[in-house]
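Biologist: I should like a close look at a single part of this model, followed by its setting in the whole. Please explain each term as it arises.

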Amino acid sequence: MFWRGVWGYLPAQIVQGVVGFLTIFVFTRLLSADDFGHYALAFSVTTLAHTVTFTWLEASMARFWAAERTPEGMASHFASLYRTSFTIIAVFTPIAALIVWLAPLTPALKIAVAFGLAGAPVRNLAKLAQERYRAAGEVSKSAAVDIGVAVLGFLVGAGFALAGAGAASPLLGLAIAPLFALPFILPGELRQSTGGTVDRTRLKAYALYGYPIAASLTLALVLASTDRFLLAAFMDAAAVGAYHASYSLANRTLDVIFIWLGAAGAPAMVMALERGGREALRQTAIEQGSTLILIGLPAAVGLSLVARPLAELMIGQDLRAAAALVTPWIAASSFLSGMIAYYFGFGFTLGKKTGLLLVTMAIPALCNVALNLVLIPRLGVTGAAISTAASFAIGLLSCILLSRRAIALPMPWEALIRCGIASAVMAGVVWFLPPLGGFLELMMDASAGGLVYAIVALTLNAAGVRDVLLRLIRARRSVTA
């Protein structure tokens, strides 16, 4: 199930990566530095609001679907989640509107936040369907929703930016795009609740499971976004824009990789535990953890190596200098965050001890606030980036230690050592290449680094990559024979 999902979700994640890069390339040019900073702040507020309000429902859809065994139970599962979601939307919408109206924000920021919050209910309904598709192994449906929403959201946002909508432009795209997907996915999902009723006992179990996840993700977002608000307080919106541009560039690259592998790995681990027990889970987990390191570690190292030419190519003139400085720190943060969210932290959800996940994320979140207060006044955007990297390192360590009280996923030491050696060799080669600047340097460094890493990883059989490649070749030959 894991590898079927890996290959099935690959096209969607390629599109997500391209759209992510285009978003940075286009909006850092169409928007002023201040507008891009206001967008960054509004995006952080919107993401926090969605996570606090809706994520527990989405997490419950994914985790409890595989455990249902009867049509009646499945109908009740869908009825409980969707009817509760509609009730929350009816409460969330007027409250959000009132808060935005009363909030002492600048007009540009207020409009951006308003459109961002308006899109949260729509994204929730689309996300519920996607989580069900992933849990059920319906890879093509989930990928299609991802691709359609990502492409349309970018195009709509770019159109509004060209029309002069300013900081609200990207958020208008995020709000409008899921609306076009709902007519195709929502009716079929709601039909699965036919005959079902809202089960309060079931909802209580979902809440006990999902709310700690939502709270931990909220803390993770605080960990990732506190720096933006403190930069706005200590500096200005332009500094926020520069930081967010760099953060988006590095984090989006790593995030695409982790979301891609996590979309395949999370359902596979749930299924392995529910139907094969702890030993089946261990085998599936070590395969996923090794694959995350095989792809994620060199990506983080590579981003650090090409930070300057990548910023020259992708980020507008007003923001690129500061962005190049912080990209290596953000790349490290993104790798550590990915290993928490898509591997080690999943042991808490598998063991249904999500309260510990909340504790795990509270530790680095508090550290991040303290470090930002100390380092931003002294180092500016670089201080914010250092604070985030150090906090995620603390978070990973606390996650590994606390997961022993739930289901501790195995540490893929062999993969980490071999991939680390391959990444170090890659870095050594790229370091001595001439600094040509811009697109030419980026292509040269990326091509040479990728080739060197691939050769060394295959030679060392890092994360079993040579074994997987040989299996694919044999399977291909058997099909064509």
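Modeller: A residue is called buried when its relative accessible area is under 20%, exposed when that area is over 50%, and partly exposed in between, with a 1.4 Å probe and protein chains only. The areas themselves come from the Shrake-Rupley method with a 1.4 Å probe, and for residues only the protein chains shown count as cover. The model is a predicted one, in which local features require pLDDT of at least 70 and side-chain atom pairs count only at pLDDT 80 or more, while totals for chains, interfaces and linings use all residues. Numbering runs from 1 along each chain as its sequence is written, and side-chain values rest on heavy atoms, with hydrogens and water left out.

The part chosen is the loop between α16 (438-460) and α17 (465-480), which contains Asn-461. Helices here are DSSP runs of H or I with at least four residues, strands are runs of E with at least two, and the numbering of both starts at the N terminus. Most residues other than glycine have a negative phi. Asn-461 nevertheless has a positive phi of about 55° without being a glycine. Ala-463, found in the loop between α16 and α17, also has a positive phi of about 55° although it is not a glycine. Their accessibility classes can be stated as well: Asn-461 has a relative accessible area of 13%, so it counts as buried, whereas Ala-463 reaches 22% and is therefore partly exposed.

On the α16 side, Thr-459 belongs to that helix. With a relative accessible area of 56%, Thr-459 is exposed. Its C-alpha atom is separated by 9.8 Å from that of Arg-418, which is 41 residues away along the chain.

The setting of this loop is a protein chain with 17 helices and zero strands. The radius of gyration of that chain is 22 Å, close to the 23 Å given by the globule rule for 481 residues, so the chain is as compact as a globular protein of that length. This radius is taken over C-alpha atoms, and the rule is 2.2 Å times the number of residues to the power 0.38. The C-alpha trace spans about 65 × 65 × 45 Å along its principal axes. Of the 481 residues, 55% count as buried. The chain exposes about 20,000 Å², of which carbon and sulfur atoms supply 71%.

Contact means heavy atoms within 4.5 Å. Among contacts with a separation of 6 or more, 83% join residues 24 or more positions apart. Several residues illustrate such pairings. Ile-185, in helix α7 (residues 169-191), is buried at 7% relative accessible area. Leaving out residues up to four places away in sequence, Ile-185 touches Ala-126, Ala-129, Tyr-133 and Val-145. Its C-alpha atom is 6.9 Å from that of Ala-129, 56 residues away along the chain.

Ala-384, in helix α14 (residues 381-402), is buried with a relative accessible area of 0%. Outside its neighbours within four places in sequence, its contacts are Asp-227, Leu-231, Tyr-243, Asn-372 and Ile-376.

Tyr-342 of helix α11 (residues 320-344) is partly exposed at 26%. Apart from neighbours within four places, Tyr-342 is in contact with Asp-255, Phe-258, Ile-259, Gly-262, Gln-288 and Leu-292. Tyr-342 and Gln-288 are 54 residues apart in sequence and 9.3 Å apart in space, C-alpha to C-alpha.

The interior remains to be described. A nonpolar core is a set of buried Ala, Val, Leu, Ile, Met, Phe, Trp, Tyr and Cys residues joined through side-chain atoms within 4.5 Å. The largest such core has 127 residues, of which Trp-56, Tyr-82, Tyr-243, Ile-315, Met-339, Leu-350 and Leu-409 touch the most other members. Helix α9 (residues 237-305) gives the most to this core, with 24 residues. Beyond four places in sequence, the residues touched by Ile-315 include Ile-24, Ala-245, Leu-249 and Ala-323.

Finally, charge: the chain has 33 positive and 22 negative side chains, and the centres of the two sets lie 7 Å apart. Lys and Arg count as positive and Asp and Glu as negative, with His and the chain ends not counted. Each charge is placed at NZ of Lys, CZ of Arg, CG of Asp or CD of Glu.
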